[in-house]
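Dear colleague,

Here is the structure I promised to pass on to you, with the sequence alongside. Please look through it first, and then read my notes below.

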Amino acid sequence: MNELVVSELHAGYGGAQVLHGVSFTVGEGEIGAILGPNGAGKTTLLRALSGMVKGRGSVRLDGVELLGSSPDTLARRGVAHVPEGRGTFMPLTVEENLRLGAYVRRSGVDADLDRIYGYFPALKPRLKQAAGSLSGGEQQMLALGRALMLRPRLLLLDEPSLGLAPLVTRELFRIVRAINEQERTTVVVVEQNAHLALGIAQQAHVLETGRIVLSGTAARIRADEQVAQSYLGYRV
Ligand SMILES: Nc1ncnc2c1ncn2[C@@H]1O[C@H](COP(=O)(O)OP(=O)(O)O)[C@@H](O)[C@H]1O
Ligand SMILES: [Mg+2]
């Protein structure tokens, strides 16, 4: 069971509160989408879930409290965060970046590399290449591959589509869906591209100025044009 239950989460930077009591649940093995405009606090939310910013309230994965633990401890518990801007190490090779993703484990790393190349065949011929030489899409795939090397129970994705061509983005989302289905990994995906995120998520939550203003099934939010226009500011 890897159900994620976030309740009354408050978080921010120093004196500046960004999240004002955020609550939502992502079912075990499901994909939850967090939508909302720039500056709403989506990135801060993921940072709080992975321990990068301190939070108040409760974040439980399979009933175990995550709040208050360091990012390193949370990584060991299976929380993998693909940050905004990907966070790959440009001078390192593709393979080195992937191996870094497995730093909390000692065994099964080579088998996992093969598993990653199964999802991302484009990375295999580039193993010895510097990550900085990859295209934007390949770098996002590398970032996702690195997160998978952790064998995550909870995968946090921050704007994976940012700066990518539509075709590349669709391929990336197809792979996220495949990972979710094959590994039963619980996923929280933050996106400004609501259409894409709603296409793979079961549930969606709209965040505005640090508060969830709307929650529902992805299908319902997608179907409701008025919702899309008033809360998302555009058609989905
Ligand atoms: N490192 C930081 N220090 C102080 N304030 C920050 C920091 N990062 C983000 N913020 C502020 O927090 C708010 C939410 O930002 P963010 O979580 O990045 O939103 P989103 O990802 O939805 O665009 C914004 O007002 C932003 O200026
Ligand atoms: Mg952001």
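Arg 151 is found in the loop between α5 and β7 (154-158), and its phi is near 50 degrees, a positive value in a residue other than glycine. Please bear in mind throughout that this is a predicted model. With 17 C-beta neighbours inside 10 Å, Arg 151 counts as partly exposed, because a residue has to reach 20 to be called buried and falls to exposed at 12 or fewer.

Glu 8 shows a positive phi as well, near 50 degrees, and is likewise a residue other than glycine, although Glu 8 lies in a strand, β1 (residues 4-13). With 13 other C-beta atoms within 10 Å, Glu 8 is partly exposed.

Turning to the ligand, which residues surround ligand 1? They are Tyr 13, Ala 16, Val 18, Gly 36, Asn 38, Gly 39, Ala 40, Gly 41, Lys 42, Thr 43 and Thr 44. By class, this shell divides into 4 nonpolar, 6 polar and 1 charged residues. Both β2 (16-26) and α1 (42-49) supply at least two residues of the shell, and α1 gives the most, with 3.

One member of that shell, Gly 41, deserves a closer look. Gly 41 is found in the loop between β3 (31-35) and α1, and is Gly 41 buried or exposed? With 25 C-beta neighbours inside 10 Å, Gly 41 counts as buried, since the cut-off for that class is 20 or more. Once its neighbours within four places in sequence are left aside, Gly 41 is in contact with Val 18, Leu 19, Leu 207 and Gly 210. Gly 41 and Arg 211, for their part, are 170 residues apart in sequence, yet 8.5 Å apart in space, taken from C-alpha to C-alpha.

As for the nonpolar interior, the largest nonpolar core has 65 residues, of which Ala 33, Leu 156, Val 188, Val 189 and Ala 197 touch the most other members. The element that gives the most to this core is α5, with 6 residues. If the neighbours within four places in sequence are again set aside, Leu 156 is in contact with Leu 46, Leu 49, Ser 50, Val 79, Ala 80, His 81, Val 82 and Val 188.

Helix α5 also packs against α3 (residues 94-101), at an angle of about 35 degrees and with the axes 6 Å apart, and the crossing of the two helices is right-handed. The contact is made by Val 94, Asn 97, Leu 98, Leu 100 and Gly 101 on the side of α3, and by Leu 142, Gly 145, Arg 146 and Ala 147 on the side of α5. Sorted by class, the residues of this contact are 5 nonpolar, 3 polar and 1 charged.

Finally, Leu 134 has its place in the loop between α4 (109-119) and α5 (136-148). Leu 134 is buried, because the 20 other C-beta atoms within 10 Å satisfy a cut-off of 20 or more. Apart from its neighbours within four places in sequence, Leu 134 is in contact with Arg 126, Gln 139 and Leu 142, and the last of these, Leu 142, is also one of the α5 residues in the contact with α3. Leu 134 and Leu 123 are 11 residues apart in sequence and 9.1 Å apart in space, C-alpha to C-alpha.

With best wishes

Note on methods
Residues numbered from 1 in each chain as written. Chains lettered and ligands numbered in written order. Predicted model: local features only at pLDDT ≥ 70, side-chain atom pairs only at ≥ 80, totals over all residues. Near = placed C-beta within 6 Å. Helix = DSSP H or I, 4+ residues; strand = E, 2+ residues; numbered from the N terminus. Nonpolar A, V, L, I, M, F, W, Y, C, P; charged D, E, K, R; others polar. Contact = placed C-beta atoms within 7 Å. Core = buried A, V, L, I, M, F, W, Y, C linked by C-beta atoms within 7 Å. Axes fitted to C-alpha atoms, helices over the stretch in contact; angles between N-to-C directions. Left-handed = near helix turned anticlockwise from the far one by under 90°.
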